[in-house]
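Here is a quick briefing for anyone meeting this structure for the first time. Have a look at it, then read on.

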Amino acid sequence: MLEGMNADHRRTIAHVDLDAFYASVEQLDNPELRGKPVIVGGLGPRGVVSTASYEARRFGVHSAMPMSQARRRCPQAVYLRPRMERYRQASKQVFAVFHHYTPEVEGLSLDEAFLDLTASLRLFGGADTIARQIQADIRESTGLSAAVGVAHNKFLAKLTSDLVKPGGIRIVDPAKVHRLLDPLPVRRLWGVGAKTAEKLHQAGLLTIGQVRKMDLPSLRRVLGNQAEHYRALANGDDDRPVESHQGVKSISHEETFDENVGNHDRLLAVLQNQSEKVAHRLRKAGLVAGCVTIKLRDGRFTTITRQKSLPRPTSDTRILYGAAKALFEHWWHSEGGKPLRLLGMGVTQLGAGEAMMGLLHSGKLDQALDGIKERFGGEGIGFARGLLKDRE
Ligand code: TTP
Ligand code: MG
C-alpha cells in the first residue's frame, strides 16, 4: 500500500455512540436528576462504576472506576444501580432508528454501532444530512443524545465520534486524515491499551504521527508482528467491513501454546480465561449463546471439537465455563489426558440477549469482572484486532 493512500475511500461509515448512556436514561426517566452528577454502577463494597453523567465526569469519575473512589471524588452525586431491562429497551429503539437508514448495522454494545451508509447516501441526501437526521430521530424516539463520526473506514469513524462527544457530529475529510491523526496520543489507535502504549512510550513514540513516520524495521522491534497493523491504523488505513450481527454465528477464543501443555489445572485455567473473554464479548454485544464448543489439538495435530447445548441461552460466565469444563473433563478422562498444542473455547447459536437469565443470578458479579477487565486488560478485549470473533 502506498504511503498516505487509503485502500478504499469509497465507503461511508458512521459510528454512533450514545452519550453517558445508562446515566442519560436515568436522567431522562427522572427529571430531577437532570443537570446533576449521576453515577450508575455496582453499589456493593466492591462495586465498579458502569458510567457517570457528564456532570459527574467533571469530578474525575469514569467507567470502570471502583465505586469507593467515585464516592470520594464526588460524594454529592446520585448513585444508582443499573436497570438493564430499561437500557435494553432504549437500545432497541435506537437500533430501530439505525435500521431505518441501512440494513448494514454492526452493533458493538447496547449504545454503539457502525452503520455502512454507502448505499444510503443518495436516497437520504449525503453524509452530513443523514448524521443529523439520525441524531434527531434518536432524540425523538428515545429522548437521548448521541455523537456521530462519519468517515471512509471504521477506525476513523469510531475515533471521530469519540472526539466530538457529547452530542457532536463530524465528517472526516479523507484528504486531512494525517492532520487529524498525527497529533493524537498513541492510545487513540484502536486496540492500543495500557501495555502496548507503554511499549510505544518507552521507544519514544508518544503520538500517532510518530508511529506513522517510523520505519517498519524499527517499529517491528517495538511491536513485533503487530507493527504493520498499527502502522496502517496510524496512516488512517483500515479495510474491515461493517458486519451486521445477522452474520455473526460464533464468538470464540483459542490459544496455541509455545510448548505442549499436559497439566490438567493449567489447561482448565486457560479455558476459564477464554470463557470469561467470550462471555464478556457476548454481553458487550447484548447477545446470548445456546451452545458451547471446545477445540483441542494434540501434539500430532489431531484436532477435535466437542459441543454441548445449554438448557437456556445465556451470557453468564459461570454457566458457559461450566459447560466448557464439563466437555473438557469428559475428554480428559476418556482420552487419558494427552498434552495439548492448542485449546479453544467458543459459543454458537447466538441470539439477542433479551432473555438474559444469567443477569438475574450473577449480573452484578459479571459486571464487576467486566469493569476490572476494561480497566486492566482492556487491550486484548473487544474486536479491535479481529482476534476475538470467528465469523463463519
Ligand atoms: P460507553 O459508550 O463506553 O460510555 P457512555 O455511553 O456511558 O459514555 P460516553 O459514550 O458518552 O463516553 O458505554 C455504554 C454503556 O455501557 C455505559 O453507559 C455503561 C456501560 N459500561 C459499563 O457497564 N462498564 C464500562 O466499563 C463501560 C465503558 C461501559
Ligand atoms: Mg456511549
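Along the sequence, the residues that hold the magnesium ion (ligand 2) follow the spacing D-L-x92-D. This is a predicted model, where local features need pLDDT of at least 70, side-chain atom pairs count only at pLDDT 80 or more, and totals for chains, interfaces and linings use all residues. Residues are numbered from 1 along each chain as its sequence is written, chains are lettered from A and ligands numbered from 1 in the order in which they are written, and side-chain values use heavy atoms, leaving out hydrogens and water.

**The magnesium site**
- D17 (OD), L18 (O) and D111 (OD) are the protein donors of the magnesium ion (ligand 2), at 2.0 to 2.3 Å from it.
- Donors here are N, O and S atoms within 2.8 Å of the metal (3.2 Å for Na, K and Ca), and sites may look incomplete because water is not among the atoms.
- The site has six donor atoms with angles of 81 to 177° among them, and it is octahedral (six donors, opposite ones over 155 degrees apart and all others between 65 and 115).
- For comparison, ideal angles for six octahedral donors are 90 or 180 degrees.
- L18 sits in strand 1 (residues 13–18) and D111 in the loop between strand 5 (105–109) and strand 6 (112–116), so to speak linking distant parts of the chain, 93 residues apart.
- Both L18 and D111 are buried, meaning under 20% relative accessible area with a 1.4 Å probe, protein chains only.

**Aromatic rings**
- Searching the whole structure turns up nine aromatic pairs, that is, rings of Phe, Tyr and Trp (its six-membered ring) with centres within 6.5 Å.
- Y22 and Y87 are stacked, because their ring centres are 4.2 Å apart and their planes meet at 15° (stacked means planes under 30 degrees apart).
- Y22 belongs to helix 1 (residues 21–29) and Y87 to helix 4 (residues 84–101), so this pair ties together parts 65 residues apart in sequence.
- Y22 and Y87 are both buried, and together with F21 they form one aromatic cluster.

**Charges over rings**
- R240 has its charged end over the ring of W190, 4.4 Å from the centre; for Arg this takes CZ within 6 Å of the ring centre and within 35 degrees of the ring normal.
- R266 lies over the face of F257, 5.9 Å from the ring centre.

**The whole chain**
- The chain has 15 helices and 12 strands, counted as DSSP runs (H or I, at least four residues, for helices; E, at least two, for strands).
- Of its 392 residues, 51% are buried.

Methods
Phe/Tyr/Trp six-rings, centres within 6.5 Å; stacked < 30°, edge-to-face > 60°. Buried < 20%, exposed > 50% of the residue type's maximum accessible area, 1.4 Å probe, protein only. Tetrahedral: all angles 85-135°; square planar, octahedral: opposite > 155°, others 65-115°.
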